[in-house]
Amino acid sequence: MVDMAKADHIKDNPESSTTDMLDRLRRSSEFVVMPVLALIVSGLLFSLFLLALGKSPYDFYALVWKGGFGSSFSLQNSLVRAAPLIFTALCVAIPARLGLVIIGGEGALVLGGFAAGAIAIPMIPWAPTAILLPVMALASLLGGALWIGFVGVLRHYRGVNETISSLLLFYIAVSILNFFVEGALRDPSDPNKPSTMPIGKDNMIGNIPGTDVHWGLIVGIVLCILLYLLMNRTTFGFAARITGGNLRAAQAQGLPVGKLMVISCAIAGACAGFAGFFEVAAIHGKANASLIAGYGFTGILVSFLARHNPLVIVPVAILLGGIAASGGLIQRRMDLPDATVLVLQGLMFIVLLVSETFYGRLPFFRSKGGKT
Amino acid sequence: MSDEAGLFTVLMAMFAGAIRVSTPFLFVSLGETLTEKSGRINLGLEGTLVFGAMSGYATSYHTGSPWLGVMVAGLCGACFGALHGYLCKLPKVNDIAIGIAMMLFGTGLAFFFGKSYIQPQAPRLPSISLGAWSDNPALRQALEINPLFILGFILAVVLWWGLKNTRWGLIVRTTGDSAPAALALGINVNQVRLLATMAGGFFAGIGGSFLSLYYPGSWTEGLSSGQGLMAVALVIFARWNPLACFAAALLFGAAGALGPALQSIGISRGYHFFNAAPYILTLLIMIASSSPKRSLKGAPGELSITK
């Protein structure tokens with residue numbers, strides 16, 4: 001009845017329907033405008049930082065553009081870096097819907113990559129690519145899922161804080177990797193860097209035709225869409241979001257909160273583990289300490305910037321992948337240390353979190369009609 | 001080497017390690033205890049620790065005075081604490097998320113400014129020899145104690161006594177247990193938390209300077225590797241009691257010394273696993289000491305991490 005009345009009202013007054021829509025559009029634009037504003041403000045603050053050091057902010061951003069997006073070569077380089085960021089950001093975004101803050105995605109990436117590299121060792125001599133790669137992928141998914149799933153188990157059944165436990169597990173994952181790669185599973189034919197046996201050029205995942213970007217990017221984008229549908233269009237996602245909104249209410253309604261937490265964490269870990277698989281099977285060709293490249297930590301920022309929305313993660317990951325890709329160029333041309341990018345990322349993160357305080361307080365985004 | 005001598009060497013090395021390695025844990029956990037007692041959690045102390053290590057080392061290198069380095073590290077830590085405390089005061093800003101951001105920001109800044117200090121040698125903190133009475137060289141070496149360790153112990157006692165018995169302690173505890181009650185008493189909740197976070201950052205910065213100026217005694221990027229975060233976990237284990245923090249820090253120091261100790265008697269197999277011992281120990285302790293149902297004894301009521 002109410003809807004009918006509303007529909008009549010709109011029919012009678014076509015002008016009000018357009019203003020109504022504009023009004024709604026303006027209010028929802030807050031979720032796009034605010035993060036963008038936060039990025040701009042952090043960019044300005046970083047410019048001040050550079051000026052204080054006697055460096056030119058203009059040069060800096062020109063180099064970021066040149067090194068990250070300006071040419072087809074640099075754009076492809078950025079996309080290669082964006083792929084693992086998409087996976088590790090998903091590792092933050094999915095549990096975040098349940099109100100869990102997981103920051104140990106790097107650990108699941110390392111462990112997933114290690115699992116893929118380790119399971120390949122006995123298979124390399126005989127297995128064709130069509131068997132080897134799926135088994136490696138499965139191992140990495142399983143490794144990551146168990147790793148972060150364990151965080152979810154601890155959280156639900158023992159009340160262990162997931163933020164701290166996931167970071168501790170990152171250090172433990174690094175120890176496991178080093179223990180095996182420098183010990184039992186080390187490839188003796190490689191004298192330089194301790195690594196597992198290379199899977200061989202023929203077995204590696206190729207690039208998307210016509211580019212230098214491996215297939216991980218496409219898989220990441222597809223995964224983002226699938227997880228978006230899971231979190232927004234299924235009962236599982238609905239229950240997860242209720243749990244994130246109000247744990248007690250979810251429990252009172254009889255939702256299986258523990259199961260939701262563990263499954264979400266396992267999905268998240270599988271995503272990050274998959275990033276490790278692609279690093280091994282498409283970039284390095286073997287598992288070694290190069291897996292610890294900080295993608296997991298940048299992924300936290302990506303997810304927060306995307307407001308934990310899987311679809312938004314893709315463009316944000318490309319942006320941050322580009323900034324990271326330009327790091328080398330900035331280091332050479334401006335004589336700045338490689339940690340410059342870390343400072344910029346940290347600044348972005350802080351400004352973004354502070355921008356939360358302005359939601360609903362800026363008059364522009366408020367409803368004109370007095371409705372909320 | 002007989003088994004008995006080997007065991008003695010390992011135990012002695014762990015005892016020495018407990019004294020040597022525990023100081024950063026002690027300072028960070030005491031700082032975090034104070035911050036958490038006021039009802040706020042600062043996960044960013046890992047970043048503060050790393051930045052303290054860098055700034056302390058740089059100051060000592062330029063001025064030649066390691067103690068000035070300790071002071072500067074503490075002040076830098078207080079600045080980070082002030083930033084954290086100020087930002088968390090804003091409505092809708094989550095203290096855990098800000099902590100993660102500060103962790104990344106502090107580490108990034110430390111690496112940024114610390115690049116040029118990786119090579120040069122800065123003057124280190126002196127130590128006090130308490131083992132002159134003993135003939136055993138290992139014991140003598142173990143009792144080469146850094147003044148900061150003693151300061152940390154005194155600080156633990158003062159904090160324990162102060163939180164219990166002074167007006168300031170009461171104010172901090174009230175703020176942490178119930179903000180409305182504190183408000184009703186006319187306490188400025190945000191200011192108390194800001195000051196508590198600043199003091200926490202100050203201690204964490206000093207803990208960082210110990211890393212770079214005494215043990216391991218030089219500035220590298222992998223210097224802390226999560227010690228700041230372990231210290232936060234340690235606070236929960238110590239149930240927000242400064243004296244328990246002291247004991248827990250010794251335990252963590254001993255666990256951290258296990259890997260090098262075993263290596264010194266020739267057991268190098270599994271070296272990486274023994275290096276992971278502190279992390280595994282932290283995790284086990286968290287599993288054993290947390291509970292999904294009842295709230296933890298001694299936990300400040302306003303703390304978001306235990307709710």
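What share of residues 145–163 of chain B is helix, and how far apart are the end C-alpha atoms?

**Exercise 1. Characterise two annotated stretches of chain B.**

Solution.
- Begin with the ground rules. This is a predicted model, in which local features need pLDDT of at least 70, side-chain atom pairs count only at pLDDT 80 or more, and totals for chains, interfaces and linings use all residues. Residues are numbered from 1 along each chain as its sequence is written, and chains are lettered from A and ligands numbered from 1 in the order in which they are written.
- Take the record next. An unreviewed UniProt entry annotates "transmembrane region" over several stretches of chain B, including 145–163 and 194–217. Such annotations may be inferred rather than shown by experiment; positions follow the numbering used here and feature names are shortened.
- Residues 145–163 of chain B are 89% helix and 5% strand, with end C-alpha atoms 27 Å apart.
- Residues 194–217 of chain B are 83% helix and 0% strand, with end C-alpha atoms 31 Å apart.
- Helices (H or I, at least four residues) and strands (E, at least two) are DSSP runs, numbered from the N terminus.

**Exercise 2. Judge the overall build of chain B.**

Solution.
- Count the elements: chain B has 13 helices and two strands.
- Compare the radius of gyration with the globule rule. Chain B has 19 Å, close to the 19 Å that the rule gives for 307 residues, so it is as compact as a globular protein of that length. The radius is taken over C-alpha atoms, and the rule is 2.2 Å times the number of residues to the power 0.38.
- Box the chain: its C-alpha atoms fill roughly 65 × 45 × 35 Å along the principal axes.
- Check burial: 54% of the 307 residues of chain B count as buried. Buried needs 20 or more other C-beta atoms within 10 Å of a residue's own; exposed means 12 or fewer, partly exposed lies in between, and C-beta atoms are placed from the backbone.

**Exercise 3. Describe the packing of H3(B) against H9(B).**

Solution.
- H3(B) covers residues 66–89 and H9(B) covers 189–213; they pack at about 145°, with axes 6 Å apart.
- Axes are lines fitted to C-alpha atoms, for helices over the stretch in contact, and angles run from 0 to 180 degrees between N-to-C directions.
- The contact of H3(B) with H9(B) has 14 nonpolar, 13 polar and two charged residues. Ala, Val, Leu, Ile, Met, Phe, Trp, Tyr, Cys and Pro count as nonpolar, Asp, Glu, Lys and Arg as charged, and the others, Gly among them, as polar.

**Exercise 4. Dissect the side of chain B that touches chain A.**

Solution.
- Count first: 41 residues of chain B contact 36 residues of chain A. Contact means C-beta atoms, placed from the backbone, within 7 Å.
- H4(B) gives the largest share of this side, 13 residues.
- By class, this side of chain B has 28 nonpolar, 11 polar and two charged residues.

**Exercise 5. Locate the backbone oddities.**

Solution.
- The Tyr215(B) to Pro216(B) peptide bond is cis, with omega near 5°. Pro216(B) sits in the loop between H9 and H10 of chain B.
- Lys92(B) is not a glycine, yet its phi is positive, about 70°. Lys92(B) lies in the loop between H3 and H4 of chain B. Lys92(B) is partly exposed, with 13 other C-beta atoms within 10 Å.
- Asp335(A) has a positive phi near 60°. Asp335(A) is exposed, with 8 other C-beta atoms within 10 Å.

Key:
Two residues are in contact if their C-beta atoms, placed from the backbone, lie within 7 Å.
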